[in-house]
Amino acid sequence: RVSSFAVAAALALAAGCSNEKPAPPVVKGCWGTGCAIVTTSHYNADFSGVGTINAVQMAESKVVRNLDSSLDPDVALDISTDKLFVLNRTAGSLRRYDLATIAIEEEIATGSSEAPNTVSSPYGFWRSDTSSKIYVTLAGNDGAHALGILDEATPDAGVTRFIDVPADAADPNGHPEWSSRYPCDGTLYALSQSYTYAGADVSYAEGRIAAIDLKTDTFSGFITLAGKNPGSIVQEADDCHHVLVATSSDLTAPPDGTGGIERVDLAARASQ
């Protein structure tokens, strides 16, 4: 894996109306508009290593280093109001921090007794805006355990439910390797990379998008892509059903022109 450098912009907190001016937060790094949270990675030769959280005050070009030096070297980030969420992809956990103090409030394992978090290899997560659920794609697990649901209300429980999404029959290891997620109109879409390592080589089944019904938390179908190994999905226009998906050619061979960006109509469930 390539060393990652992730940046998430911290949003300003809106102060409520009151007769008394609220006390300012005890800030460990920086705070509000113009403050960015940055993670850096150090990898050893065996792919072990350490990741750190740092803060950057953009207007002053000021960097506050090593606010937390206990992360995996490979992480994903999200900021919501006054909380920072960091997904440790190697250890298999999702941490929630108080954004002002960078104090760890909760750490939720991305696994259960039937599918341990230590081999789950979580790739990314999406937090529901209508419940306390957090959906995590788990690249290290088989199809029956490749998409897990965490619950902020019961953090000690780890994964409270797995959503069974079939692996591609052409993928020898039986792992769908879900990557990026995308919510639209009551459905959560997840990209399936479907790769298998064989020594120094990597083979790929077809790229697919899985559709998950968020009302029932069940799999409802696939969209087959023209390319393979999809890594990113973004909305193209005002309608969330129209998206662009980035795919790649073989990562262990010279580029062959098969990677690219394809337009997908999620409502029609078809690549265009």
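# Exercises on a predicted model

A hairpin of 5 residues leads from strand 9 to strand 10, and the exercises below work outward from such local features of what is a predicted model.

## Exercise 1: the surroundings of strand 10

Determine which strands pair with strand 10, in what sense they do so, and how far strand 10 is covered.

*Solution.* Begin with the hairpin partner: strand 9 (residues 122–127) pairs with strand 10 in the antiparallel sense, and the pairing runs over 5 bridges. One of the contacts that can be located by residue is that of Pro 122, whose bridge partner in strand 10 is Leu 138. Next, turn to strand 11 (residues 147–151), which is also antiparallel to strand 10 and is held to strand 10 over 5 bridges; here Thr 137 stands opposite Leu 147 of strand 11. Finally, consider the covering of strand 10 (residues 133–138), where 5 of the 6 residues are buried, so that the strand is mostly covered.

## Exercise 2: the disulfides

Find how many disulfides the chain holds, give the handedness of each, and state which parts of the chain the link of Cys 184 and Cys 240 ties together.

*Solution.* The count comes to 2 disulfides, and, with the bonded cysteines counted along the chain, their pattern is 1-2, 3-4. Take the pair of Cys 30 and Cys 35, whose sulfur atoms lie 1.9 Å apart, inside the 2.5 Å cut-off for a disulfide. The angle about the S-S bond is 75°, and the link of Cys 30 and Cys 35 is right-handed; both Cys 30 and Cys 35 are buried.

Now take Cys 184 and Cys 240, which are joined by a disulfide with an S to S distance of 2.0 Å. The torsion about the S-S bond of Cys 184 and Cys 240 is about 65°, and therefore this disulfide is right-handed. Because Cys 184 belongs to strand 13 (residues 178–184) while Cys 240 sits in the loop between strand 19 (228–235) and strand 20 (242–248), the pair ties together parts that are 56 residues apart in sequence. Cys 184 and Cys 240 are both buried.

## Exercise 3: salt bridges and their burial

Among the salt bridges of the chain, examine those of Asp 68 with Arg 95, Asp 74 with Arg 89 and Arg 96 with Glu 105, and decide for each residue whether it is buried or partly exposed.

*Solution.* The count for the chain is 9 salt bridges. In the bridge of Asp 68 and Arg 95 the N to O distance is 3.1 Å, and the pair links distant parts of the chain, since Asp 68 is in strand 4 (residues 62–71) and Arg 95 in strand 7 (residues 93–98), 27 residues apart. Asp 68 and Arg 95 are both buried.

For Asp 74 and Arg 89 the N to O distance is 3.0 Å. Asp 74 lies in the loop between strand 4 and strand 5 (75–80), and Arg 89 in the loop between strand 6 (83–88) and strand 7, so this pair ties together parts 15 residues apart in sequence. With a relative accessible area of 7%, Asp 74 is buried, and Arg 89, with 16%, is buried as well.

In the bridge of Arg 96 and Glu 105, the closest N and O atoms are 3.0 Å apart. Arg 96 is buried, at a relative accessible area of 18%, whereas Glu 105, at 31% relative accessibility, counts as partly exposed. Through shared partners, salt bridges join Lys 83, Arg 96, Glu 105, Arg 127 and Glu 152 into one network.

## Exercise 4: nonpolar cores

Identify the elements that give two or more residues to the largest nonpolar core, and list the contacts of Leu 84.

*Solution.* The largest nonpolar core has 16 residues, of which Ile 37, Ile 53, Leu 84, Val 86 and Tyr 97 touch the most other members. The elements giving two or more residues to this core are strand 2 (35–43), strand 3 (49–57), strand 4, strand 5 and strand 6. When residues up to four places away in sequence are not counted, Leu 84 touches Ile 37, Ile 53, Asp 78, Ile 79, Arg 95, Arg 96, Tyr 97, Leu 99 and Ile 102. A second, separate core of 14 residues includes Ile 209, Val 243, Val 264 and Leu 266.

Definitions and conventions
Residues are numbered from 1 along each chain as its sequence is written. This is a predicted model: local features need pLDDT of at least 70, side-chain atom pairs count only at pLDDT 80 or more; totals for chains, interfaces and linings use all residues. Side-chain values use heavy atoms; hydrogens and water are left out. Buried means under 20% relative accessible area, exposed over 50%, partly exposed in between (1.4 Å probe, protein chains only). Helices (H or I, at least four residues) and strands (E, at least two) are DSSP runs, numbered from the N terminus. Two strands pair if DSSP finds at least two bridges between them. A salt bridge is a side-chain nitrogen of Lys or Arg within 4 Å of a carboxyl oxygen of Asp or Glu. A nonpolar core is a set of buried Ala, Val, Leu, Ile, Met, Phe, Trp, Tyr and Cys residues joined through side-chain atoms within 4.5 Å. Contact means heavy atoms within 4.5 Å.
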